[in-house]
Amino acid sequence: QVQLVESGGGLVQPGGSLRLSCKASGFSFSFYVMSWYRQAAGKERELVATIIPPGGSTNYADSVKGRFTISRDNAKNTVYLQMNSLKPEDTAVYYCNAVLPTTSWRRWGQGTQVTVSS
C-alpha cells in the first residue's frame with residue numbers, strides 16, 4: 001500500500017523555524033521525484049520545492065529561496081523540508097508529493113498545517 005505521511009507542522013512565530021517530514025512506504029522511494037507543495041486558504045496549490053534523484057538536485061519557488069531547504073534520506077524513505085525565517089505568508093497546508101519520472105504515476109500525502117502567527 002502506497003502511503004505518504006507528513007508530520008512536523010504546527011504554530012510558529014514569525015522568524016521561527018519548522019522541519020516537516022514525509023515518510024514514504026509502498027514504493028521504491030529512491031527512484032522518485034519528491035516535492036513539497038502548499039495551499040493557503042482560498043488559494044491554489046503551489047509548488048514549494050523539489051528534489052530529483054539520483055543526485056539530489058533541488059529546485060525552489062522564488063518565494064522560499066534562501067529560507068527553505070528540501071532534503072531526502074533514502075535509507076529512511078523520508079523527505080524533509082527545513083523552513084527557516086518563516087513569514088505569515090508561509091501559512092498553509094503543506095503536502096508531500098511523489099512522482100515517478102516519465103510516467104503519470106503520482107501520489108499525495110494528507111497534508112500538515114503550518115501556521116505562522118504572533
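**Strand pairing, a disulfide and a buried asparagine**

Strand E5, which spans residues 46–52, and strand E6, which spans residues 57–60, pair in the antiparallel sense over four bridges. The structure described here is a predicted model. Within this pairing, Ala-49 has Tyr-60 of E6 as its bridge partner. The two strands E5 and E6 form a hairpin with four residues between them, and in the turn Gly-56 has a positive phi of about 80°.

A further set of strands makes up an open sheet of four strands, in which the order is E1-E3-E8-E7 and the pairing is antiparallel. The edges of this sheet are occupied by strand E1 (3–7) and strand E7 (68–73), each of which has a single partner strand, so that one side of each is left without a neighbour in the sheet. On average, and with direction ignored, neighbouring strands of this sheet are turned by 15° against each other. The edge strand E7 pairs with strand E8 (residues 78–83) in the antiparallel sense over six bridges, and here Ser-71 has Tyr-80 in E8 as its bridge partner. In general, strands of a sheet pair through backbone hydrogen bonds, either parallel or antiparallel.

The model contains one disulfide, formed by Cys-22 and Cys-96, whose sulfur atoms are 2.1 Å apart. Because Cys-22 lies in strand E3 (residues 18–25) and Cys-96 lies in strand E9 (residues 92–99), the pair ties together parts that are 74 residues apart in sequence. The torsion about the S-S bond of Cys-22 and Cys-96 is about -80°, and the disulfide is therefore left-handed. With a relative accessibility of 0%, Cys-22 counts as buried, and Cys-96, with a relative accessible area of 0%, is buried as well.

Strand E9 also holds Asn-97, which counts as buried because its relative accessibility is 1%, a value under the 20% that sets the limit for a buried residue. A polar atom of the Asn-97 side chain lies 3.3 Å from the backbone oxygen of Arg-107. When residues up to four places away in sequence are not counted, Asn-97 touches Leu-4, Val-33, Met-34, Ser-35, Tyr-37, Arg-106, Arg-107 and Trp-108. Arg-107 thus appears both among the residues that Asn-97 touches and as the residue whose backbone oxygen lies 3.3 Å from a polar atom of the Asn-97 side chain.

How values were computed:
Residues numbered from 1 in each chain as written. Predicted model: local features only at pLDDT ≥ 70, side-chain atom pairs only at ≥ 80, totals over all residues. Heavy atoms only, no water. Disulfide = S-S within 2.5 Å. Buried < 20%, exposed > 50% of the residue type's maximum accessible area, 1.4 Å probe, protein only. Pairing = 2+ DSSP bridges. Polar contact = N/O pair within 3.5 Å; in protein donor to acceptor, adjacent residues only side chain to side chain. Contact = heavy atoms within 4.5 Å. Axes fitted to C-alpha atoms, helices over the stretch in contact; angles between N-to-C directions.
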